[in-house]
Amino acid sequence: MLQNRHLDNRGQVLVLFLILLPVILLGIYALFSHFTLKYEEKNLKHIAEIACVYSLTGKSEKDVEKLVLENDPNAEVEKIEGDLENKSVTLTKKVDTLFLNYKTTVLTSVECSR
């Protein structure tokens, strides 16, 4: 006698979900990390532009560094180059990602002139 048996797919879906869950979470983590770094890079570039214009007014490197640290205490001034007409400011910052203690360095350089 043949019995009519239908397949139950609930177990297969659960296994597939458990296999794909780490991949989905890793993708979300990568997106958060990427956008955190982009935000920090944009913020550092804005601070470098302000510092560059500020340095064109004849302020010393110490004054420019003080301005940078007031806006972002974790930023570091790599170098300030140029004369009274053209300046270049390079800033770096170590950035932590959101979920892990992985650190990366954001570097930005801005040139400005009168």
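User: Which residues does lysine 93 touch, not counting residues up to four places away in sequence?
Analyst: This is a predicted model. Lysine 93 lies in strand S2, and its neighbours here leave out residues up to four places away in sequence. The residues that lysine 93 touches are Glu40, Leu44, Asp72, Asn74, Ala75, Thr104, Thr105 and Val106.

User: Is lysine 93 buried or exposed?
Analyst: A residue counts as buried under 20% relative accessible area. Lysine 93 has a relative accessibility of 9%. Because that value meets the cut-off, lysine 93 is buried.

User: What is the length of the polar contact that joins the side chains of lysine 93 and aspartate 72?
Analyst: Aspartate 72 is among the residues that lysine 93 touches. Their side chains are joined by a polar contact of 2.8 Å.

User: Is threonine 90 buried or exposed, and which residues does threonine 90 touch?
Analyst: Threonine 90 also has its place in strand S2. With 8% relative accessibility, threonine 90 counts as buried. Leaving out residues up to four places away in sequence, threonine 90 touches Glu76, Val77, Glu78, Lys79, Leu107, Thr108 and Ser109.

User: In which sense do strands S2 and S3 pair, and over how many bridges?
Analyst: Strand S2 covers residues 86–96, and strand S3 covers residues 103–113. Within this pairing, threonine 92 stands opposite leucine 107 in S3. The sense of the pairing is antiparallel, and the number of bridges is 11.

User: Which residues form the covered face of S3?
Analyst: S3 has two faces, one covered and one uncovered. The uncovered face holds Lys103, Thr105, Leu107, Ser109, Glu111 and Ser113. The covered face holds Thr104, Val106, Thr108, Val110 and Cys112.

User: Which cysteines form the disulfide, and how far apart are their sulfur atoms?
Analyst: The structure holds 1 disulfide. A disulfide is a covalent bond between the sulfur atoms of two cysteines. Here the pair is cysteine 52 and cysteine 112, with sulfur atoms 1.9 Å apart.

User: Where in the chain do cysteine 52 and cysteine 112 lie, and how many residues apart are they?
Analyst: Cysteine 52 is in helix H1, residues 10–56, and cysteine 112 is in strand S3. The pair therefore links distant parts of the chain, and it is buried at both ends, with relative accessible areas of 0% for cysteine 52 and 15% for cysteine 112. The two cysteines are 60 residues apart.

User: What is the handedness of the link of cysteine 52 and cysteine 112?
Analyst: The angle about the S-S bond is -95°. With that angle, the link of cysteine 52 and cysteine 112 is left-handed.

User: Why do the buried residues of H2 line one face of the helix?
Analyst: In helix H2, residues 61–71, the residues Val64, Leu67 and Val68 are buried. The face turned away from this buried side carries the exposed residues Lys62, Lys66 and Glu70. The buried residues line one face because, seen down the axis of H2, they fall within an arc of 100°.

User: What pattern does the protein chain follow along the sequence?
Analyst: The secondary structure of the protein chain comes to 2 helices and 3 strands. Read along the sequence, their pattern is α-α-β-β-β.

User: What share of the residues in the protein chain is buried?
Analyst: The protein chain has 114 residues. Its accessible surface comes to about 9,000 Å², of which 58% belongs to carbon and sulfur atoms. The share of buried residues is 26%.

Terms used:
Residues numbered from 1 in each chain as written. Predicted model: local features only at pLDDT ≥ 70, side-chain atom pairs only at ≥ 80, totals over all residues. Heavy atoms only, no water. Disulfide = S-S within 2.5 Å. Helix = DSSP H or I, 4+ residues; strand = E, 2+ residues; numbered from the N terminus. Buried < 20%, exposed > 50% of the residue type's maximum accessible area, 1.4 Å probe, protein only. Pairing = 2+ DSSP bridges. Polar contact = N/O pair within 3.5 Å; in protein donor to acceptor, adjacent residues only side chain to side chain. Contact = heavy atoms within 4.5 Å. Arc of directions from axis to C-beta. Areas by Shrake-Rupley, 256 points an atom, 1.4 Å probe, with all protein chains shown as cover.
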